[in-house]
Amino acid sequence: MLKYFASRLLTFLPTFIGVTLISFAFIRVLPGDPITVMAGERGVDPARYQELLQQFGFDQPLIVQYWHYIVGVLHGDLGKSFVTKKPVWDEFFALFPATLELSICAMFLAVALGLPAGVIAAVNRGKFFDRALMSTALVGYSMPIFWWALLLIIVMSGWLGLTPVSGRISLLFYFPRVTGFMLIDSLLSGQKGAFTSAVSHLILPTIVLGTIPLAVIARQTRSAMLEVLSEDYIRTARAKGLSPYGVNFVHALRNAMIPVITVIGLSVGTLLAGAILTETIFSWPGIGKWMVDSIFRRDYPVVQGGLLLIAVMVMIVNLTVDVLYGFINPKIRKR
Amino acid sequence: MSLKKTLASGLMVAALMASTASAKTMVYCSEGSPEGFDPALYTAGTTFNASSRTIYDRLVEFEATTTATKPGLAESWDISDDGLEYTFHLRKGVKFQSSDSFTPTRDFNADDVIFTFDRQRKEDNPYFKVEGGSWEYFNSMSMPDLIKEIVKVDDNTVKFVLNRPEAPMIANLAMDFASIVSKEYADAMLAAGTPEMLNQAPIGTGPFKFVAYQKDAVIRFAANPDYWQGASPLDDLVFAITTDASVRYQKLKAGECQIMSYPNPADVAAMKADSSLNVMEQEGLNVGYLAYNTMQPPFDKKEVRKALNMAIDKKAILDVIFQGSGTIAKNPIPPAMWSYNDAVKDDPFDPEAAKKMLADAGVKDLSMKIWAIPVQRPYNPNGRRMAELMQEDLAKIGVKVEIVSYEWGEYLERSKAKDRDGAVLLGWTGDNGDPDNFLAVLLGCDAVGGSNRAQWCNKDFNDLIMKAKVISDQAERAKLYEQAQVVFKEEAPWDTIAHSVVFTPMSAKVEGYNMSPLGSVRFYGVDLKE
């Protein structure tokens, strides 16, 4: 197992270097430099422009700039934001718990509903329940996030008054940040009603962000289950007189899990992409919104550092998925 | 901070919250995050609303509803006859705010004023390079060239000595970059090795104290009990950062905030019909325009420019693009600004006459480019659509228009070029309410090849605005600017399109809120009805 893990870890290195290159190049390929964007209509005089170029290090050749960047990264220094003048690292970790909390909840929702829905649909193949479920999944998958979010806000918050409109917690609650996870911090604060408020603020964004992964997981589980259910050993299990629950959830689902886990792993990338829109609409102070703002402002250090950190997160998730394969199917780690 | 300490302070805050459960709290749904809290370092209005207009004061202040100036931290001032010396008499007994890490030992005085400006202009000031030290507004208002020295006459008197007379100087000192910071606090933070705290945990003399900022989510302020004009009727002020306009509206309706910024124009009618809301409106201090390149034939002929202006249906643009949230512009300065010349007649919309004018000028089969602004601005909510409407209008008089656009940074840079091909859609939002800030910046000879996108240098016009810049009598200046607007209309270097109208929707419970033509949001004097 250790050897398998080490071999997976080795593939990390070239990917990491690739990501630093892409994140460095990506923002520079976009036309317009941060100084002119910052100055706007007001403009900046040529002498001042040169001064700022020097200050930001843009007067140096690209290769030198990349070298400085990579040396910084290796020393754990991702630079400072041009706009807020704060270290990228600090900004990322101030915001990341919010994204992580939302993503975990969304993923939990997607798996908790998607897996059983997929299994039930597969077992009831071709029946009304299967069709209804799969059509709903298709709708969920195709729904534009911003539209779905606004619709939920208008109906759930505007008309029915069931949930708050946006934010992470009611503004009446105020306590210092301990972990950055609002569910935990609200509990630690000891303030009455804080936890309930944090939960109620999570409902809509969780539904919105979880919708697409939910649809994908349900569809993937269904098709993987259908394949497994037609295998001989399932017939044997049924013939042995095992309960349908035992056959479906113990024997079949375990073998159907490999493609499902792949999809769950891949969904993390989708989740982060979806977080950009979800966070913007729900005023959720996470990294999605932060990245978008930084791209518009051509805030090079933030875009570079942010992309790198996000890529590393996705890589870690993929590594975890690879390791999980090994647990679920021992054949894989022996290969 | 250790977990134990954090928890202890959390409990303290909780206790405080419980004891002030009846505190009057106003929530403002703002449109974005501040870049920081030291207004001199930044240029965005969103940043100023959360810093200079809440936490700080200036020597001179703008009136709440006009661009006129009034005494602030300076009780009065004298200007020397040659216009080179401005002596400010400072208000006594003004206290800086205190925080967990700082308690002032003295009142505001001349040292604070000198420090405020020295840190932006003197390289040997220890704060000159702090937080990147990009004092963009101070630089863009030419303050480094303008200020010769700042002299402390005594503890309560400061003299600014200038290199040349500058009539807008008083208005400049009412701008956000001139917010007065505490030298005592700055020294204390420098000694503690944390000079960036000046930007991150601001201390001012203003109506609200900074309490906390949770990035991209919430900014909390508390009323300053020692405010020199008297404490605010509100106990707490909260900015709930909500970037999406539709969501801000939903929050306002749900009572999650009491005031919101920038509504969608399409929502304004519904907001006005809602009896629980109140929608205030104010003409923005801005102008949107189409600037011809007056250096390039045939646009060097004023007849051609006028003919094109007459072919463009501005009323249609206003209805389609601004959806009622704008007014037609006839002058390069907005109506809310002093010296606005209402006697000027706009070129009428008359395609037939325009066609004839073009023919008389000897122009046939004219093809031109119109540059569509790629971003949404208050003075132009949809550049592409605006360019398309102009394209349709001009086609009717036989002018073929090709629409081009670039990324925003590129657009700004390329549109400055003297040999630029085409007319460019752009606009301007005023900084200090002084006409010089529009007329000289956008149409002066010195700005050709820069912010004068029409590349227009007219001697009559330039003489008038240059003369107006150096005399300090406002009535006299106004006369000169009025004449300059007549010359402008006659020469038509731009098609003046629109001034936007800014709406501020709020709960009907909000009292005492005023909209400033400068676009600044201020909560001092605002109250909530029970």
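This passage describes the overall make-up of chain A and a sheet, a helix and a buried residue of chain B in a predicted model.

Chain A contains 15 helices and zero strands. Its C-alpha trace spans about 85 × 55 × 40 Å along the principal axes. Of the 335 residues in chain A, 47% are buried. Among contacts in chain A with a separation of 6 or more, 75% are accounted for by residues 24 or more positions apart. The exposed area of chain A is about 16400 Å², and carbon and sulfur atoms supply 70% of this area. Chain A carries 27 positive and 18 negative charges, and the mean positions of these two sets lie 14 Å apart.

In chain B, attention turns to an open sheet. This sheet has four strands in the order β4-β5-β7-β6, with antiparallel pairing. Strands β4 (74-79) and β6 (147-154) of chain B stand at the edges and have a single partner strand each, so one side of each is left without a neighbour in the sheet. On average, neighbouring strands of this sheet are turned by 20° against each other, direction ignored. As a general principle, the strands of a sheet pair through backbone hydrogen bonds, in either a parallel or an antiparallel manner.

Two of the pairings can be described in detail. Strand β4(B) runs antiparallel to β5 (residues 85-90) of chain B, and five bridges join them. Within this pairing, B:A74 has B:L90 in β5(B) as its bridge partner. Strands β6(B) and β7(B) are likewise paired in the antiparallel sense, over six bridges. Here the bridge partner of B:I150 is B:F160, which belongs to β7(B). The connection from β6(B) to β7(B) is a hairpin through two residues.

A helix also accompanies the sheet. Helix α3 (residues 110-121) of chain B lies across β5, β6 and β7 (157-162) of the chain. The direction of this helix is at about 160° to β6(B).

A further feature of chain B concerns a single residue in another helix. B:T47 is located in helix α2 (residues 45-50) of chain B. Is this residue buried or exposed? The relative accessible area of B:T47 is 0%, and the residue is therefore classed as buried, the cut-off being under 20%. When residues up to four places away in sequence are not counted, B:T47 touches B:P34, B:E35, B:G36 and B:Y42.

Definitions and conventions:
Residues are numbered from 1 along each chain as its sequence is written. Chains are lettered from A and ligands numbered from 1 in the order in which they are written. This is a predicted model: local features need pLDDT of at least 70, side-chain atom pairs count only at pLDDT 80 or more; totals for chains, interfaces and linings use all residues. Side-chain values use heavy atoms; hydrogens and water are left out. Two strands pair if DSSP finds at least two bridges between them. Axes are lines fitted to C-alpha atoms, for helices over the stretch in contact, and angles run from 0 to 180 degrees between N-to-C directions. Contact means heavy atoms within 4.5 Å. Buried means under 20% relative accessible area, exposed over 50%, partly exposed in between (1.4 Å probe, protein chains only). Accessible areas come from the Shrake-Rupley method with a 1.4 Å probe; for residues, only the protein chains shown count as cover. Lys and Arg count as positive and Asp and Glu as negative; His and the chain ends are not counted. The place of a charge is taken as NZ of Lys, CZ of Arg, CG of Asp or CD of Glu.
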